Amino acid sequence: MAIDKETRIIDDIMEKIIAKTMHPGEKLPSENKLAEKYNVPRITARNALTTLEARGYIYSVQGKGRFLKETSKPIQLHLTGSTSFTDKMKQAGYHLTTKNMYCTKINYDSTVYDALQADLEAEVYKIGRLRLIDDEPIAIHQSFVNQALFPDIAQNGPQILSMFAYYRQLGYEEFKSKQSLLSITFPTSYEQELLSCGSMVPLIVLETGCIDVKTEKVLEYTKIIYRSDKFKYDITTDESR
């Protein structure tokens with residue numbers, strides 16, 4: 001199958017990035033030079049560079065051109081297990097900060113209610129936190145909890161930074177994950193703003209749940225949105241980590 005010229009330009013530049021024959025901060029060829037090299041109109045070269053910029057690989061400096069972005073150090077993250085995100089990042093030595101964005105009551109959602117084993121009449125709250133490492137946004141954590149299990153969640157929710165810490169304050173001590181599901185999506189305009197990423201940067205979505213080991217109660221349904229360019233993933237299920 002023939003590959004169009006715009007895709008060819010993108011693929012060739014990506015091969016150089018992956019092979020590390022281009023270095024962070026290095027200036028890319030101009031639109032004119034790419035157009036001449038590939039024998040295409042300038043708009044084709046511009047579209048290829050615009051795509052690479054939207055994907056988060058390059059950036060523009062007005063009047064100077066386009067440059068290869070600095071590569072972020074991948075963060076190894078165990079996607080499952082009994083340890084909170086906050087504890088995992090601290091154990092790994094990262095400077096993690098968390099911002100509580102909201103605590104709101106949601107309308108009925110069959111996926112959430114079924115995961116929480118909640119009645120149709122239940123009041124379910126969503127607590128959203130933005131995770132940052134070295135002041136760079138990397139993930140949006142959304143925790144859904146049933147008010148029947150946590151009567152004061154409407155008042156306490158806006159102050160929660162770590163759900164595990166909150167559960168421990170209420171006497172829950174040991175946790176385990178429910179079945180975890182991974183999927184890929186692209187950011188909404190709201191998520192682009194929060195995560196400081198372009199519209200074509202893929203996001204990895206982890207959906208799981210937290211269960212209290214002692215009582216087998218489902219404490220929460222969790223939906224976490226990760227920037228795909230900030231992590232390398234360890235999806236082992238060793239609960240001892």
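Glutamate 31 is buried in this predicted model, with a relative accessible area of just 10%, under the 20% cut-off for that label. For a carboxylate tucked away like this, the obvious thing to look at is its partners. Side chains of opposite charge can pair when their charged atoms come close. Glutamate 31 does so with arginine 42, where the closest N and O atoms are 2.9 Å apart. Since glutamate 31 sits in helix α2 and arginine 42 in helix α3, this salt bridge ties together parts that are 11 residues apart in sequence. Arginine 42 itself is partly exposed, at a relative accessible area of 43%.

A second salt bridge joins the side chains of glutamate 31 and arginine 46, at 3.1 Å from N to O. It again runs from helix α2 to helix α3, so it ties together parts that are 15 residues apart in sequence. Arginine 46 has a relative accessibility of 34% and also counts as partly exposed. Then there is arginine 66, which forms a salt bridge with glutamate 31 through N and O atoms that are 3.1 Å apart at their closest. Here the link is between distant parts of the chain, with arginine 66 in strand β2 and glutamate 31 in helix α2, 35 residues apart. Arginine 66 is buried, at 17% relative accessible area. Put together, Glu31, Arg42, Arg46 and Arg66 belong to a network of salt bridges that also takes in Glu53. The overall count comes to six salt bridges.

The elements that carry this network turn up again around helix α1. The buried residues of α1 pack against α2 (31-38), α3 (42-54) and β2 (65-68). These buried residues are Ile9, Ile10, Ile13, Met14 and Ile17. They cover an arc of only 125° around the axis, so they lie on the same side of α1. That fits the usual helix geometry: an α-helix has 3.6 residues a turn, so residues three or four places apart point the same way. On the face of α1 turned away from the buried side are the exposed residues Glu15, Ile18 and Ala19.

The dimensions of α1 work out as well. At 1.5 Å a residue, its 15 residues (5-19) should span 21 Å, and the end C-alpha atoms are indeed 21 Å apart. At the start of α1, aspartate 4 brings a side-chain oxygen to within 3.1 Å of the backbone nitrogen of glutamate 6. Past the other end, just after α1, lysine 20 adopts a positive phi of about 60°.

As for confidence, the protein chain averages a pLDDT of 88, and 93% of the residues score at least 70. Among the secondary-structure elements, helix α6 (residues 153-156) has the highest mean, at 97, while strand β3 (residues 75-78) has the lowest, at 73. Residues 237-241 have a pLDDT below 50, and this stretch has eight contacts in the model beyond near neighbours in sequence. Where pLDDT is low, the predicted coordinates should not be read in detail.

Key. Residues numbered from 1 in each chain as written. Predicted model: local features only at pLDDT ≥ 70, side-chain atom pairs only at ≥ 80, totals over all residues. Heavy atoms only, no water. Helix = DSSP H or I, 4+ residues; strand = E, 2+ residues; numbered from the N terminus. Expected span 1.5 Å × (residues − 1). Buried < 20%, exposed > 50% of the residue type's maximum accessible area, 1.4 Å probe, protein only. Arc of directions from axis to C-beta. Contact = heavy atoms within 4.5 Å. Polar contact = N/O pair within 3.5 Å; in protein donor to acceptor, adjacent residues only side chain to side chain. pLDDT = per-residue confidence, 0-100. Salt bridge = Lys/Arg side-chain N within 4 Å of Asp/Glu carboxyl O.
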